[in-house]
Amino acid sequence: MESFRKPRSIWQIYGQDAHDMTVRLLTASEAIRFVPSGGGIALKPNLVLSSRPENGAVTHPGVLSGCVEYFREHGAKDVCVIEGSWVGDDTSRAMRAAGYDKVCAKYGVPFYDLKKDKVRTVRTAIGDMKICVKALDAGLLVDLPVLKGHCQTRMTCALKNLKGCIPDVEKRRFHSLGLTKPIAALGAALRPGLTIVDSICGDLCFEEGGSPIETNRMFLGADPVQIDAYGRSLMGLSSADVPYVELAEEYGAGSAQWSETDLISLNEPSDAAGYPRPSGTVARLTRNVRDKDACSACYASLVRALYVSGRGGNRTIYIGQGWRGQELDGLGIGACCRGASACVQGCPPTADAIAKALGGAR
């Protein structure tokens, strides 16, 4: 089977149904093979604060229910949800706001607040670090981050999401150390066996949400460093922007290498809904964009590229299936706009590729 011939594959899917998309990703990758014999499964979402998933800050509850359903149907009985919200918020309140309480009640799955968990001191690449026992002792730690912006690290995804597995006192110390080295060291210490990224509507620039970008995409992989390197490209960011990815590789957390041949798409971007009418920040960024039936994944890549590059100017940018077969005077985004005088190929292209075409790559 392809998944065994390509152990570093990244499976991706487009749509809006988080539960169904999660089950399909897990099924296609034969994820049950990652569970050690007799080992329990700990699901670690991104529950940074009390918010609804549609605001772009927290993992959709459908990702949790999809995981529980898949692993239960494949014989796994010991499944739990673990998380500790950020310093200053209450984890129990946050899990109710996100709808996780309903998922746990429906499936009879325990939720463990890691703020109340025991810790163990682990030797890492940067010295001793206190890590929550529930995360350390999981047979399979399943990382369920949201791909979104962050005010300090530019991006948060697989590696940054593991920060919820440490006590508040350690979280404060991470910030005093500058985040980059601690995030990389924690990734090497925990090494989640599976990562499923919720990129349905992650925020454009801020970990608290508020400016969500509807990508309508999810992806899965076994290497959190590779996943972050791919996510970074989707965000239009460079290695200089998010240096903890390569540092995590140096510390032994995984490999930052990925290529198009590693991607296994379960459907097409057009299977997701079209991008809604933009407002606020998105409207400002896309004032020169001519959209005709753009897929959400393609449009989101463009918005992220415009945001990180700071470029766009008065150049007309075309995007969407409605431009197929037409000659266009401007920059075309994606395969549908190959008739433009300049075109960023791909279906969809990454934000990184678009940013380079805009002249804003660093």
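Biologist: What makes strand β10, residues 194–199, mostly covered?

Modeller: Keep in mind that this is a predicted model. A residue counts as buried when its relative accessible area is under 20%, and in β10 that goes for 6 of its 6 residues. So by that cut-off, β10 is mostly covered.

Biologist: How do you know which faces of β10 are covered?

Modeller: Look at the two sides in turn. Leu-194, Ile-196 and Asp-198 sit on one side, Thr-195, Val-197 and Ser-199 on the other, and all are buried. Both faces of β10 are therefore covered.

Biologist: Why is β10 said to pair with strand β7, residues 140–144?

Modeller: Pairing takes at least two bridges between the strands. β7 and β10 have 2 bridges, in the parallel sense, so they count as paired. Asp-143, for instance, has Thr-195 in β10 as its bridge partner.

Biologist: And how do you know that β10 pairs with strand β11, residues 217–221?

Modeller: It's the same test, at least two bridges. β10 and β11 have 5 bridges, this time in the antiparallel sense. Here Ser-199 stands opposite Arg-217 in β11.

Biologist: Let's turn to the helices. Why are α2 and α3 called oblique to each other?

Modeller: Two packed helices are described by the angle between their axes and the distance between the axes. For helix α2 (residues 18–28) and helix α3 (residues 61–73), the axes come within 7 Å and cross at roughly 40°. Roughly parallel would need an angle under 35 degrees, and roughly perpendicular runs from 65 to 115. The crossing at roughly 40° fits neither, so α2 and α3 are oblique. The crossing is also right-handed.

Biologist: What makes up the contact between α2 and α3?

Modeller: From α2 there are Ala-18, His-19, Thr-22, Val-23, Leu-26 and Thr-27. Among those from α3 are Val-63, Cys-67, Tyr-70 and Phe-71. The contact residues divide into 7 nonpolar, 6 polar and 1 charged.

Biologist: There's another sheet too. What makes β13 and β16 its edge strands?

Modeller: The order is β13-β14-β15-β16, an open sheet with parallel pairing. β13 (289–291) and β16 (340–344) each pair on one side only, and that puts them at the edges. The twist averages 30° from one strand to the next.

Biologist: How do you know that β15 and β16 pair?

Modeller: The cut-off is at least two bridges, and 4 bridges join β15, residues 328–333, to β16. One of the partners in β16 is Cys-343, which goes with Gly-332.

Technical notes. Residues numbered from 1 in each chain as written. Predicted model: local features only at pLDDT ≥ 70, side-chain atom pairs only at ≥ 80, totals over all residues. Heavy atoms only, no water. Axes fitted to C-alpha atoms, helices over the stretch in contact; angles between N-to-C directions. Parallel < 35°, antiparallel > 145°, perpendicular 65-115°, else oblique. Left-handed = near helix turned anticlockwise from the far one by under 90°. Contact = heavy atoms within 4.5 Å. Nonpolar A, V, L, I, M, F, W, Y, C, P; charged D, E, K, R; others polar. Buried < 20%, exposed > 50% of the residue type's maximum accessible area, 1.4 Å probe, protein only.
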